[in-house]
Amino acid sequence: MSTVKTSVPKASIISDFKEITKMRLSISVVFSALAGYLLGAIEVDVYTLVLLAFGGYFMVGASNAYNQIIEKDLDALMDRTKNRPVPAGRMSKQSAFIIATIFTILGITVLYIINERTAMYGAISIFLYTCVYTPLKTKTPLAVFVGAIPGAIPFMLGWVAARNDFGIEPGTLFALQFFWQFPHFWAIGWFLFEDYEKGGFYMLPTRKRDKGTAVQTIMYTIWTILISIVPVFGVTGDLKLSMVAAVIVFVLGLVMLYYAFELFKKRTAKAAKQLMLSSVSYITLLQIVYVVDKFIR
C-alpha cells in the first residue's frame, strides 16, 4: 500500500517569502537607506553598508509581514491582495508572525551593531507602521500622514548610520521623502480606489477622487520640489548640492508636477497611474543625483 506525500514546491515557498516581505518595496527602501548613508559617510565603510542593507531589509520585511497578519481578512476582499500568502491560505498567521518576529529581532540587532540611534529609528519605524498606521487605514485618511513617517525614515536612517547623529542634514532628507509620499500614495489610492473601497480603506484626503484631492496632490508635489533644492543654498549643514545638480533635481520635480496637473485636469485612473510611476522615477533619480553630485563635486 502506497501513500501519497504532498509538499509545497520550493518555487512557491520562495515566492511567498518575497510576497510576505514585499521584496520589491523592501529593496527600494534599502536603496534609500544606502543613498542616505553615502551622503553622510565621510569615508565609506563596506561593512556598515552591508549591515545597513540587511538591517533595512529585515526592518521593512517585518513591518510588511505584521501588516499582512493584521489585514488578513481585509486583504482577502481586494483583488490586488487576495492572493497574498496569508489571505490565500498558503501561509498561516502563526508562520507569518514567526517570520515577522525573527525579522524584527534581526533588524534591530543588525542596526544596533551600526549604532544605537540607527536601531532606535528602525524600531520606531516598525512600531509606527504596524501599531499606528495599519489600524488607522480603515479609520481615517490621516493614516497616510502617519504612514509617511516610517516611510520617510530610511533615507535619513542612512545618514544616521554614517554619522551617529541627527541634525539638519538627516532632517532635510526625512522632510524630502516625507512630503514626496503624499502625491505618491494618493496617486495609488486614486487608481486603486475601487479595490481599496472593497477593503474599507480610504486613502485619499477627501475620501473621494475629486478636485480637492487633486489640488492637495499638486500642493504636496510643490513642497517636495522646494525641499529638494534647499541644500543648494548652503543652509543644510554638510548636506550640499551643486547648482547643476539642483537644476537637474528641479527639472525632475517639474516632470512629476506636470503629471500632478494632468491628474487635476483629467481625474482618471490612467492619469493617477502615470503620476505614481513618475513619482517612483523622481525619488530614485533624485537620490542618485544627490549621491553622484557629492562624489564628483
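**Notebook: helix α11, salt bridges and phi**

I began with Lys 265 and Glu 262, which both sit in helix α11, 3 residues apart, or about one turn of the helix. Helices here are DSSP runs of H or I of at least four residues, numbered from the N terminus. An α-helix has 3.6 residues a turn, so residues three or four places apart point the same way.

The model is predicted, so I note that local features need pLDDT of at least 70 and side-chain atom pairs pLDDT 80 or more, while totals for chains, interfaces and linings use all residues. Residues are numbered from 1 along each chain as its sequence is written, and side-chain values use heavy atoms, without hydrogens and water.

**Salt bridges**

I looked for salt bridges (a side-chain nitrogen of Lys or Arg within 4 Å of a carboxyl oxygen of Asp or Glu). The count by this rule is 12.

The side chains of Lys 265 and Glu 262 form one, at 2.9 Å from N to O. I then checked accessibility (buried is under 20% relative accessible area, exposed over 50%, partly exposed in between, with a 1.4 Å probe and protein chains only). Lys 265 is exposed at 60%, whereas Glu 262 is buried at 7%. I also found a network: shared salt-bridge partners join Asp 79, Lys 82, Asp 195 and Lys 198.

Next I took Arg 84, which pairs with Glu 19, the closest N and O atoms being 3.9 Å apart. Arg 84 is in the loop between α4 (72–75) and α5 (93–114), and Glu 19 is in helix α1; the two are 65 residues apart, so the pair links distant parts of the chain. I read Arg 84 as buried, at 6% relative accessibility, and Glu 19 as partly exposed, at 33%.

Which parts does the pair of Glu 71 and Lys 137 tie together? Their side chains meet in a salt bridge of 3.1 Å, N to O. Glu 71 lies in the loop between α3 and α4 and Lys 137 in the loop between α6 and α7, so parts 66 residues apart in sequence are tied together. Both residues of this pair, Glu 71 and Lys 137, are buried.

**Back to α11**

I compared the length of α11 (residues 243–266) with its expected span (1.5 Å times one less than the number of residues). For 24 residues this gives 34 Å, and the end C-alpha atoms are 34 Å apart, which agrees. Among the buried residues of α11 I list Ala 245, Val 249, Leu 252, Met 256 and Leu 263. The buried residues of this helix pack against α8, α10 (211–229) and α12.

**Positive phi**

Most residues other than glycine have a negative phi. I looked up three residues with positive values. Arg 267, just after α11, has a phi of about 50°. Asn 164 has a phi near 55°; Asn 164 lies in the loop between α7 and α8 and is partly exposed at 31%. Arg 207 has a phi of about 70°; its place is the loop between α9 (193–198) and α10, and Arg 207 is partly exposed at 37%.

**Gly 122**

Last, I looked at Gly 122, in helix α6 (residues 116–136). Is Gly 122 buried or exposed? Gly 122 has a relative accessible area of 2%, so it counts as buried. Leaving out residues up to four places away in sequence, Gly 122 touches Met 59, Leu 111 and Leu 157; contact means heavy atoms within 4.5 Å. I also noted that Gly 122 and Phe 145, 23 residues apart in sequence, are 18 Å apart in space, C-alpha to C-alpha.
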